[in-house]
Amino acid sequence: MTTPNIRKGPSGPLADFELTTDDVENTSTVTGITATDALETLQAAQGGSPSVLAFADDFDLIGTADPSAIATAGANLPTGSGNWCARAVTASGLCNLQNGVVANHPGTVDIQTSSTINSIVLLQRGIANTSSGVFINANQIEQCTTIARLNVITTIRTQIGISATISSTAPSAAALFVFDSSVSANWLCICRLGGVQTLVDSAIPVVAAQYYNLQIKQAVLGTFTFEVDGIEVTGGGISTNVPSSTVNVGVMVQTLVGATRSLTVDYFSLTSKKLTR
């Protein structure tokens, strides 16, 4: 049998695949290749199982106009690999999109708080929603990667990763990178369960306007490890107070002063273990 190849399309790593043999594109039935062969190859590209959830987003294809002002009802940001909700939790906020403007950053989403002290804005997976819209059990997540930057690092709090309530500064269940200028100058690695948390200080300082590659991994069930720019955080293998309930993925930013604060997201990906459907 001729081995089929799967070539990814221009928008998202799992979108617009082409079936090819020997690098020749085929738009009709190829001799020796069955539909099952093609499906199995596509499943392998998606992680080896039709029950594995995998998506990645460069935010380079936004299927809507820039929402600019966002309110508590949220705004939809359909992209090449799904939909995101940009929402102001309190007061109002701004959401600005850039595409093909900065080298090596195909697309970015910038969310900004209002100037009301303690106001929060967020970006979470799913349709516009006034809640977190949880969709996956935390113990089924294999990895969650975010590339993001803080544009100002004074009087600000941000949370990046998985959470039962993306908007909450004290969620019931979560595995997060947290930066809180009132607590530490470094990235903090936090797992929460039932309102109790385990915290590890990464000893990696946060620099304004610098992109960070933040990875949360669960190679072993019940232990979350944290990596910053490919370097595993010492002591970051957290196995206490780890989340297991349903969660969403995303980021939030909160201003701790009467001035706006913002966060720019450049990339996001998530892969799961085999899901029970």
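Let me begin with D57, which lies in strand 4, the run of residues 52-57, and I should say at once that what we are looking at is a predicted model. At 3% relative accessibility D57 counts as buried, because the cut-off for that word is under 20%. Its side chain reaches the backbone nitrogen of F59 at 3.0 Å. If we leave aside the neighbours within four places in sequence, D57 is in contact with T79, S81, W84, R125, D266, Y267 and F268, and several of those names will come back as I go on.

Before following them, a word on the chain as a whole. There are 1 helix and 21 strands, and of the 277 residues 46% count as buried. Among contacts with a separation of 6 or more, 64% are between residues 24 or more positions apart. The chain exposes about 11,800 Å², of which carbon and sulfur atoms supply 53%.

T79, one of the contacts of D57, belongs to strand 6, residues 75-79, where the side chains alternate: A75, L77 and T79 point to one face and are buried, whereas N76 and P78 point to the other and are not. That is the pattern to expect, since in a regular strand the side chains alternate between the two faces of the sheet. Strand 6 runs antiparallel to strand 7, residues 82-88, with 5 bridges joining the two, and the connection between them is a hairpin through 2 residues. Within that pairing, N76 has C85 of strand 7 as its bridge partner.

From strand 7 we can step across to strand 10, because these two also pair in the antiparallel sense, over 5 bridges, with A88 standing opposite V121 of strand 10. On its other pairing, strand 10 meets strand 20, residues 246-255, again in the antiparallel sense and over 5 bridges, and here V121 stands opposite V253. So how many of the residues of strand 10 are buried? The count is 6 of the 6, residues 120-125, so strand 10 is largely enclosed by the rest of the structure. Both of its faces are covered, with I120, L122 and Q124 buried on one side and V121, L123 and R125 buried on the other.

R125 deserves a second look, since it is in contact with D57 because heavy atoms of the two come within 4.5 Å. R125 also lies over the face of F55, at 3.7 Å from the ring centre.

That brings me to the aromatic residues, where the count comes to 8 aromatic pairs. One of them is F55 with F268, which is stacked, at 6.4 Å centre to centre and with 15 degrees between the planes. Why does this pair tie together parts that are far along the sequence from one another? F55 lies in strand 4 and F268 in strand 21, residues 262-274, so the pair joins parts that are 213 residues apart in sequence. Both partners are enclosed: F55 is buried with a relative accessible area of 8%, and F268, at 2%, counts as buried as well.

A further pair is W187 with Y212, this one edge-to-face, at 5.6 Å centre to centre and with 75 degrees between the planes. It links distant parts of the chain, W187 being in strand 15, residues 186-193, and Y212 in strand 17, residues 212-220, 25 residues apart. W187 counts as buried at 2% relative accessibility, and Y212 counts as buried at 3%. Both of these residues belong to one aromatic cluster, formed by F177, F179, W187, Y212 and F226.

Finally, two places where the backbone deserves attention. Most residues other than glycine have a negative phi. A91, however, has a positive phi of about 55 degrees although it is not a glycine, and its place is in the loop between strand 7 and strand 8. Which residue in the loop between strand 18 and strand 19 should be set beside it? That is D229, whose phi is near 50 degrees, a positive value in a residue other than glycine. As for cover, A91 counts as partly exposed at 43% relative accessibility, and D229 is partly exposed with a relative accessible area of 42%.

Terms used. Residues are numbered from 1 along each chain as its sequence is written. This is a predicted model: local features need pLDDT of at least 70, side-chain atom pairs count only at pLDDT 80 or more; totals for chains, interfaces and linings use all residues. Side-chain values use heavy atoms; hydrogens and water are left out. Helices (H or I, at least four residues) and strands (E, at least two) are DSSP runs, numbered from the N terminus. Buried means under 20% relative accessible area, exposed over 50%, partly exposed in between (1.4 Å probe, protein chains only). A polar contact is a pair of N or O atoms within 3.5 Å; within protein, one must be able to donate a hydrogen and the other to accept it, and residues adjacent in sequence count only if both atoms are side-chain atoms. Rings of Phe, Tyr and Trp (its six-membered ring) pair if their centres lie within 6.5 Å; planes under 30 degrees apart count as stacked, over 60 as edge-to-face and the rest as tilted. A charge sits over a ring if NZ of Lys or CZ of Arg is within 6 Å of the ring centre and within 35 degrees of the ring normal. Accessible areas come from the Shrake-Rupley method with a 1.4 Å probe; for residues, only the protein chains shown count as cover.
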